[in-house]
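Grab a pencil and work through these exercises at your own pace. Each one gives you a task, then a solution that goes step by step.

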Amino acid sequence: MPDLDTLASPTSKALSMLRKLNPVPWLRYMGLWELAVMLFSLLLLAMLWGYSAERAEQELRQQTDAAVQKAHSLTRLFEAQTSKTLKNLDLALEFVARDYLAGGRQLQLAQLLASKLLDKNTSRELAVINERGQLALTVSEMPNPDLSDREYFRILRDSPARRLYIGQPVRSRSTSKWLIPVAHRMTGPGGEFKGIVVCGIDPAYFVDDFNRSDLNESGVVTLLGGDGITRALRRGDVDRFGEDTRSNRLLEKAQQAPAGDYVGASVFDEIPRFQSYQTLIDYDLIASVGLSVDESLAAVRERVRRYRQIELLASGLILMFGATVIVGSVLRRRAQERAHVQERQRQAILDNISEIAWFKDAKSRFLAVNLAFTQMAGRKLEDIVGKTDFELWPAPLAQAYFANDQQVMRDGVRLEVEEDLAFFDGSIRTFESTKSRVTDGDGRLVGTVGIARDITRRKQEDAVRRLSAKAFESVAEGIMVTDENRCIVSVNQAFCRISGYQPDEVLGKHPRLLQSGRHDKAFYQGMWEEINSKGFWQGEIWDRRKNGEIFPELLSISAVKDDAGKTIHYVGICSDITSLKGYEERLRYQAEHDALTGLPNRFQFQERFSAMLERSDRQGTQVAVMMLDLDRFKHVNDSLGHAAGDQLLQQVAGRLKLCLRQVDIVGRFGGDEFCVLLGDVSHPKSVATIANKILDAFGPPFSVAGHELFISCSIGASCYPADAADTEGLLKNADAAMYQAKSAGRNNFQFFSAEINARAMETLLMSSSLRLALERNELLLHYQPRIDLRTGRISGAEALVRWQHPELGLLPPNRFISIAEETGLIDALSDWVLKQACRQMRTWLDAGLKLQRVAVNLAARQFSQTDCAARIGAVLSECGLDARYLELEMTESMVMQQPERVVQVLTELKRMGIALAIDDFGTGYSSLSYLKRFPLDYLKIDRSFVKDIPENSDDVAITLAIIAMAKSLGLQIIAEGVETPAQRDFLYRHACENGQGYLFSRPVVADQLAILLQNEHNSASS
């Protein structure tokens, strides 16, 4: 920025000029105006400095508040993340302790990681130590099995009230890496000490979410123990652990109040910081974030410094303004004394000039003009003198005149310039103006003098010539001009760019040097015949560039004739359409191929299918088509996302191509459906061979999104001409065979047969019959009792739908539920089941039968409805049933599809008083982080885990883990498929509250369940 001396120099010069004036005349020109200017300048200075000081103080205060608030917010975030981490860790260690005390003798970290209770990136060691301090279980080898001397063991052993201990950072004896020991006290049923569960946590984990962008260069985030030892500290990109900070002011502050803010320096670097801290009372830890005062206030301090510089600059400008106004007032009055004499002199000179001429003063006001000027302007002399260009001409022209005048007066040299002048009739003409600076005898600037001559016609002719040349060189199309003998006389730059030839390489030569060789002599003869007869030809042609490359172009040739009609030139205009041809090819490819896999799509596949059938008819060969569908592909999309599903489909396409011959075709019809076309088939066995080859290709796992996935496929095939006579029939039959392969257990191959067609017709008839079943009241509900294992009494019943088919008899749900889902009847069916179950429950209650609640399975489509809760509430109102008598069961896959929306729906249902249960738990892909957010009442253990207990150790471990997890979440357990007393006794011993299965009762009609409830009531009364 300029300093005050620089700013003051113009003012000093002005005052010096005043001092050179005769004092008496100078004082005569001073008046109230000049005095007012001086006072106004002083007032502006006072206001400027006052405002600037107040603004600087305000910004410093605001920035300080913002820095303190940022440190406060980061501290609260740090405290919340640390508390959450420690709570999850405490839950994980409690899980391990419970498993160990329940008799577990194998500690598998992989199980904990899979349940997301521990993070392998932060939890490096995990061990169980018994009450004697001996190492009982561990996930890694530890050199010293006796750990009774460890601080965390002694503290938890001697402190019965303490649940979790977070120790000081230490280096691991096995890896030399820093670890924070976190120990959980194990107690027996009577509260006696049973040992501890301990794990090592990477201390950097607590501060990894903070980086330089959050803290700046000197910011510090600290996790401090109540003992004054840092558990983790990060400054910038540097981490420090296990530092002794007992002399730090932070510890003193935390002892005075559990949370607060202050300004202080760290014992490590003495840098003053805005410090904020929050005590984690449950863990004897202090979370603190400190932001450097200098860094936080650097920006506002820089602005204050700039404000000071601006103040100095503005002050100088104000002073200069005041001095300039005063000096200008004096000089202006003196100049007026000489104006009259100079005006007469100028007018005498102008009268003798024939061109347009004028005089202007230093402010570009006209002092005198000649007769030619007044004629051009269409004004009288008195209407011009004293005015500026802005008062006479349009603003754009006036601005140009003024800029030229200023240049002449500034540089002091004669200026010759072309200017547009506006005539009185509105026309604009171009003049060549010569302008010069005029000074007085003392060399002081007086103004300018100018003379202008009309060059409009010359400029127009030059413009036409330049435009023609520019157009020739600037067009994007290549242009070639030949003489009447077809010798090249001119080309433009676009032609050189397209052909690769420079002008000197083609001038004087025949255009045949561009011929590609793709067109015969007859083509060129026909082209020139049309040019000679019609004077014009246009079309696509292939030419050759200088480098030998052949390319397509759009060419038009016109014959140029003279006044006598004789051809004197030929003009060719060409456009390179290589990119257009490529774009057309890409569009054709995209229209015929699947965008994800690059395989032929349905349209292209069927075209090639039809062509192969025609070739088969001519050659007398067979053709086979195979429909292929991935098994359980929906689970991949639901669990890993559609991006992972797309990646899997791409890998499947690659493996399929490797399994086929050159004559075979593979295409993708959509979703996970692929179609394979086999040509030149000699025998159906060769089709089976290729199908088995494809099945084997699905054996190795697919690597998708960091997961190893084992995916199988189901294949159906039909042959031409044996199974159908056209593409539509062959594809339909192959599709039917593919569904037969799925029905046979998936991961297999089936040929089309009449039996498959019959089953497909049966499915079609079943779907038609199911539409009428609701209208004909052919559906009914059976109820399977749920038993309280603690009392042996019926605690509830699950409603299960059956179809009393008039021809096929009583059908279980697995015969028609899938058909209902495919045909869209599942909505009406689900609503019917819900209403019937609610009405029956109302009937039992009115009869005085005591049943805790009736359970109804929700369908996926029913649960995904936006008004799901409102519809269920309407059914309850219609049936007159209180919501506490209804229980809704959902599968894991249903609730994990849109977990955020599920939380809202379940919360609304729970608020109504409806009990909620997860059915078939353990067979899906539940996220424990979402599971704990669901407002559930029950977890139902799937029958696949119950059927082999207590003999199967894996099923026992899974069942116990589910029970333990449910207890920790406050949920009751319902075990499905209980069929033996041993299963019932095992579940009862391990605190499973409810059981359901054939051991207690098969599903029965409503009247039979009423008898069971009445008998139970009678036996209790007796």
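**Exercise 1. Decide whether Arg-545 is buried, partly exposed or exposed, then find its charged partners.**

Step 1. Start with the accessibility: Arg-545 has a relative accessibility of 13%. Buried means under 20%, so Arg-545 counts as buried. Keep in mind that you're working with a predicted model.

Step 2. Now look for a partner of opposite charge. Arg-545 makes a salt bridge with Asp-576, and their closest N and O atoms are 2.9 Å apart. This pair ties together distant parts of the chain, 31 residues apart: Arg-545 sits in the loop between strand S20 (536-544) and strand S21 (550-561), while Asp-576 belongs to strand S22 (residues 567-576).

Step 3. Check for another partner. Glu-549 also forms a salt bridge with Arg-545, with the closest N and O atoms 3.2 Å apart.

Step 4. Classify the two acids. Asp-576 is partly exposed, because its relative accessibility is 30%. Glu-549, with a relative accessible area of 38%, is partly exposed as well.

**Exercise 2. Find out how many salt bridges the whole structure has, then describe the one between Lys-360 and Asp-389.**

Step 1. A search of the whole structure turns up 49 salt bridges.

Step 2. Zoom in on the pair. The side chains of Lys-360 and Asp-389 meet at 2.4 Å, N to O. The cut-off for a salt bridge is within 4 Å, so this pair passes the test.

Step 3. Place the partners. Lys-360 is in strand S13 (residues 356-361) and Asp-389 is in helix H10 (residues 389-392), so the salt bridge links distant parts of the chain, 29 residues apart.

Step 4. Ask about cover: Lys-360 and Asp-389 are both buried.

**Exercise 3. Which contacts does Arg-655 make, given that it is buried yet has no salt bridge?**

Step 1. Locate the residue: Arg-655 is part of helix H19 (residues 642-658).

Step 2. Try the charge route. The nearest side chain of opposite charge is Glu-708, and it is 7.2 Å away. A salt bridge needs the atoms within 4 Å, so Arg-655 has none, though it is buried.

Step 3. Try the backbone. The Arg-655 side chain reaches the backbone oxygen of Pro-701 at 3.0 Å.

Step 4. List the neighbours. Leaving aside residues up to four places away in sequence, Arg-655 touches Ala-697, Phe-698, Pro-700, Pro-701 and Phe-702.

**Exercise 4. Describe how strands S5 and S6 fit together.**

Step 1. Get the direction: S5 (residues 178-187) pairs with S6 in the antiparallel sense, over eight bridges.

Step 2. Pick out one facing pair: Ile-180 stands opposite Ile-201 in S6.

Step 3. Look at the turn. The hairpin of S5 and S6 has five residues between the strands, and there Gly-191 takes a positive phi near 85°.

Step 4. Check the cover on S6 (residues 193-201): this strand is mostly covered, with eight of its nine residues buried.

**Exercise 5. Work out where Asp-90 and Val-663 sit, and what each one touches.**

Step 1. Asp-90 first. Asp-90 lies in helix H3 (residues 32-101), and at 10% relative accessibility it counts as buried.

Step 2. Compare sequence and space. Asp-90 and Arg-163 are 73 residues apart along the chain, yet 8.7 Å separates their C-alpha atoms. Not counting residues up to four places away in sequence, Asp-90 touches Arg-163, Leu-164 and His-184.

Step 3. Now Val-663, which is in the loop between H19 and strand S24 (665-670). Its relative accessible area is 39%, so Val-663 is partly exposed.

Step 4. Do the comparison again. Val-663 and Leu-677 are 14 residues apart in sequence and 8.8 Å apart in space, C-alpha to C-alpha. Beyond residues up to four places away in sequence, Val-663 touches Met-612, Gly-679 and Asp-680.

**Exercise 6. Zoom out and sum up the protein chain.**

Step 1. Count the elements: the chain has 33 helices and 38 strands.

Step 2. Check the cover: of its 1022 residues, 44% are buried.

Step 3. Look at the surface. The chain exposes about 52900 Å², and carbon and sulfur atoms supply 52% of that.

Step 4. Finish with contacts. Among those between residues at least 6 apart in sequence, 57% join residues at least 24 apart.

Key:
Residues numbered from 1 in each chain as written. Predicted model: local features only at pLDDT ≥ 70, side-chain atom pairs only at ≥ 80, totals over all residues. Heavy atoms only, no water. Helix = DSSP H or I, 4+ residues; strand = E, 2+ residues; numbered from the N terminus. Buried < 20%, exposed > 50% of the residue type's maximum accessible area, 1.4 Å probe, protein only. Lys, Arg positive; Asp, Glu negative; His and termini not counted. Polar contact = N/O pair within 3.5 Å; in protein donor to acceptor, adjacent residues only side chain to side chain. Contact = heavy atoms within 4.5 Å. Areas by Shrake-Rupley, 256 points an atom, 1.4 Å probe, with all protein chains shown as cover. Pairing = 2+ DSSP bridges.
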